[in-house]
Amino acid sequence: MLQDVKTVNKHTNLSFSGNLSDEQAKTILKEISGMLSWGLNSFEFDFSRVDHIDNAWFGTLLWIKKMSEQNGGKLKLVGIHGQVKEKFDLTNMNSVLEIQ
């Protein structure tokens, strides 16, 4: 679930918690599309309080990364841990996305 959104200049921090479902991935995709149309182009997703992430999120994150970069920004993920980190490692997404 999306917990908090903070924007400074063109950089937006989004904090998530709990279990991230396929439906939430679709919602975030729409939200980020809107933010990109407003000129926001850099996003940091804080997953430090996330316990589970559904597979649909991988496609969503790749799309956000691509669109951010096309608009001169970037996507960064922070706080990935536990089972979520294992899932990123197993799918090799850790080599495609910027993770700190």
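**Exercise 1. Two asparagines in loops**

Asn92 has a relative accessible area of 45%; classify Asn92 by exposure, then describe its backbone and its place in the chain.

*Solution.* The model is predicted, so local features are used only at pLDDT of at least 70 and side-chain atom pairs only at pLDDT 80 or more, while totals for chains, interfaces and linings use all residues. Residues are numbered from 1 along each chain as its sequence is written, and side-chain values use heavy atoms, with hydrogens and water left out.

Step 1. Take the cut-offs: buried is under 20% relative accessible area, exposed is over 50%, and partly exposed lies in between (1.4 Å probe, protein chains only). At 45%, Asn92 is therefore partly exposed.

Step 2. Asn92 is not a glycine, yet its phi is positive, at about 65°.

Step 3. Asn92 belongs to the loop between α3 and β5 (98–99). Helices (H or I, at least four residues) and strands (E, at least two) are DSSP runs, numbered from the N terminus.

Step 4. Compare Asn9, which sits in the loop between β1 and β2. Its phi is also positive, near 55°, and its relative accessibility of 73% makes Asn9 exposed.

**Exercise 2. The order of the elements**

List the elements from the N terminus and state how the strands are arranged in the sheet.

*Solution.*

Step 1. Count the elements: there are 3 helices and 5 strands.

Step 2. Along the chain they follow the pattern β-β-α-β-α-β-α-β.

Step 3. The 5 strands make an open sheet, ordered β1-β2-β3-β4-β5, with mixed pairing. β1 and β5 are the edge strands, each pairing on one side only. Two strands count as paired if DSSP finds at least two bridges between them.

Step 4. Look at single pairs. β1 (residues 2–8) and β2 (residues 11–20) run antiparallel and are joined by 6 bridges; within this pair, Asp4 has Ser15 as its bridge partner. The two strands form a hairpin with 2 residues between them. β3 and β4, in contrast, pair in the parallel sense over 4 bridges, and there Phe43 is partnered by Leu75 of β4.

**Exercise 3. Three salt bridges**

Locate the salt bridges of Asp4, Glu23 and Lys76, and say where the partners lie.

*Solution.* A salt bridge requires a side-chain nitrogen of Lys or Arg within 4 Å of a carboxyl oxygen of Asp or Glu. The whole structure has 6 salt bridges, including the following.

Step 1. Asp4 meets Lys6 at 3.6 Å, N to O. Asp4 is partly exposed at 32%, whereas Lys6 is exposed at 51%.

Step 2. Glu23 pairs with Lys26, with 3.2 Å between the closest N and O atoms. Both residues are in helix α1 (residues 22–37), 3 residues apart, about one turn of the helix. Glu23 is exposed at 52%, and Lys26 is partly exposed at 48%.

Step 3. Lys76 and Glu44 meet at 3.3 Å, N to O. Lys76 is in strand β4 and Glu44 in strand β3 (residues 42–53), so this pair ties together parts 32 residues apart in sequence. Both Lys76 and Glu44 are buried.

**Exercise 4. The nonpolar core**

Which residues touch the most other members of the largest nonpolar core?

*Solution.*

Step 1. A nonpolar core is a set of buried Ala, Val, Leu, Ile, Met, Phe, Trp, Tyr and Cys residues joined through side-chain atoms within 4.5 Å.

Step 2. The largest core has 25 residues, and the members touching the most others are Phe43, Phe45, Phe47 and Phe88. At least two residues come from each of β2, α1, β3, α2 (56–70), β4 and α3 (82–90).

Step 3. Examine one of these phenylalanines. Contact means heavy atoms within 4.5 Å. Leaving out residues up to four places away in sequence, Phe45 touches residues including Leu14, Ile28, Trp57, Leu61 and Val78.

**Exercise 5. Overall form and confidence**

Check the radius of gyration against the globule rule, and report the confidence of the model.

*Solution.*

Step 1. The radius is taken over C-alpha atoms, and the rule is 2.2 Å times the number of residues to the power 0.38. For 100 residues a compact globule would come near 13 Å, and the protein has 12 Å, which agrees.

Step 2. Buried residues account for 38% of the 100 residues.

Step 3. pLDDT is the predictor's confidence in each residue, from 0 to 100. The protein averages 95, and 100% of the residues score at least 70. Among the elements, β1 has the lowest mean, 88, and β4 (residues 75–78) the highest, 98.
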